[in-house]
Amino acid sequence: MPEHAEGTAGAPAREVRDFLRRHREQIAQRWADEPLFRAVFTLSRDEAVEAAKAVVDALAQVADAARVEDPDAAGFTAVREQLARMGTARSRAGLSTAQVSSELAALRPPVENLLVAALSEQAPAEHVRDCATALNVLMGTLRVVVMQTALSEGQALIDRQRLQLLEVATPVIKLWDGIVAVPLIGTLDSARSQVVMETLLESVVEQQARYAILDITGVPTVDSLVAQHLMKTVAAARLMGAECIVSGIRPAIAQTMVHLGLDLGTVVTRASLADALGYVLHQLGIGIVTPGTNGAVAR
């Protein structure tokens, strides 16, 4: 773009910058009464005013750089976290994305009216329209920034919750001194298989376990990647000094492992969790005593 053209295009943006700086207090006072600020900053109105001033300062910085259409403008960096909290807070309050966007749109009229009133007496109508257009674009960009940031924060929250659910869905149970078990239920994928490995190995260290039982009775099927993860888990447990027993392998899973050519020769397997526990107790030299049918005690 030629230098003179860039300067012409940037004139309304600089006018908006000067306007925002001159009327910072007025704009902040008006925004503090809008639902977006009033509902988020509930401790005091002064808190809402200060938050609004920070946003005005950010908009002025963006306008100063003549980047009113750029959501990635450096001016938004300082308030991006604040804007994310505001958008997320309104979403958690039950507002839809469209409603949050509407609350953001409600911030524009008070500023636009103030801008038109401030410039109409001293500038040509065409210049006022150009400045109002630049302001509208800037406010639209602000909406984009808030929505993008809020969505990113929301996705990060979903990812954290998903990881927490994976951890909760992968409990490690201490069955006996030196014996831990991981009963798995539901579909296994690569991500969950990785969590299983990490959780089991951590428990082996914490419990100083000599035996770890990986029970997959509740797993309907596995794919090739998951089957390989299970084998890696067994190998990793062995490296940690614990013998890993896999129990509850369903016929379909057994066929999958055979078709994949996985070598199970070194892996101890048992039909059920009870069988696996019995095997481990036997290895530890612990006898299982049950009442006999005639009242005697059998071993």
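**Exercise 1. Check the length of helix α10 (residues 224-239) against the span expected for its 16 residues.**

Solution. Helices are DSSP runs of H or I with at least four residues, strands are runs of E with at least two, and both are numbered from the N terminus. The expected span is 1.5 Å times one less than the number of residues. For the 16 residues of α10 this gives 22 Å. The end C-alpha atoms of α10 are 23 Å apart, which agrees.

This is a predicted model, where local features need pLDDT of at least 70, side-chain atom pairs count only at pLDDT 80 or more, and totals for chains, interfaces and linings use all residues. Residues are numbered from 1 along each chain as its sequence is written, and side-chain values use heavy atoms, with hydrogens and water left out.

**Exercise 2. Describe the two ends of α10 and state what covers its buried residues.**

Solution. Begin at the start of the helix: a side-chain oxygen of D223 reaches to within 3.3 Å of the backbone nitrogen of L225. After the helix comes G241, with a positive phi near 90 degrees.

Next, sort by burial. Buried means under 20% relative accessible area, exposed over 50%, and partly exposed in between (1.4 Å probe, protein chains only). The buried residues of α10 are V226, A227, H229, L230, M231, T233, V234, A236 and A237. Their cover includes α9, β3, β4 and α11 (251-259). Here contact means heavy atoms within 4.5 Å.

Take H229 as one case. H229 has a relative accessible area of 17%, so this residue is buried. Leaving out residues up to four places away in sequence, H229 touches S190, S193, Q194 and M197.

**Exercise 3. Work out which strands stand at the edges of the five-stranded sheet.**

Solution. Two strands pair if DSSP finds at least two bridges between them. The sheet is open, its order is β1-β2-β3-β4-β5, and its pairing is mixed. β1 (173-176) and β5 (268-270) each have a single partner strand, so they are the edges, and one side of each has no neighbour in the sheet. Neighbouring strands are turned by 30 degrees against each other on average, direction ignored.

Now look at one pair. β1 and β2 (residues 179-185) are antiparallel and share three bridges. In this pair, W176 stands opposite I179 of β2.

Then add the helix. α9 (residues 190-207) packs on the sheet and touches β1, β2, β3 (211-218) and β4 (243-247). The direction of α9 makes about 165 degrees with that of β2. Such angles run from 0 to 180 degrees between N-to-C directions, with axes fitted to C-alpha atoms, for helices over the stretch in contact.

**Exercise 4. Locate A66 and Q208, and decide whether each is buried, partly exposed or exposed.**

Solution. Most residues other than glycine have a negative phi. A66, however, has a positive phi near 55 degrees, and Q208 has a positive phi near 50 degrees.

A66 lies in the loop between α4 (45-64) and α5 (77-92). Its relative accessibility is 43%, so A66 counts as partly exposed. Q208 lies in the loop between α9 and β3. At 68% relative accessibility, Q208 counts as exposed.

**Exercise 5. Summarise the protein chain: how many helices and strands does it have, and what share of its residues is buried?**

Solution. The chain has twelve helices and seven strands. Of its 299 residues, 40% are buried. Among contacts between residues at least 6 apart in sequence, 72% join residues at least 24 apart.

Key
Polar contact = N/O pair within 3.5 Å; in protein donor to acceptor, adjacent residues only side chain to side chain.
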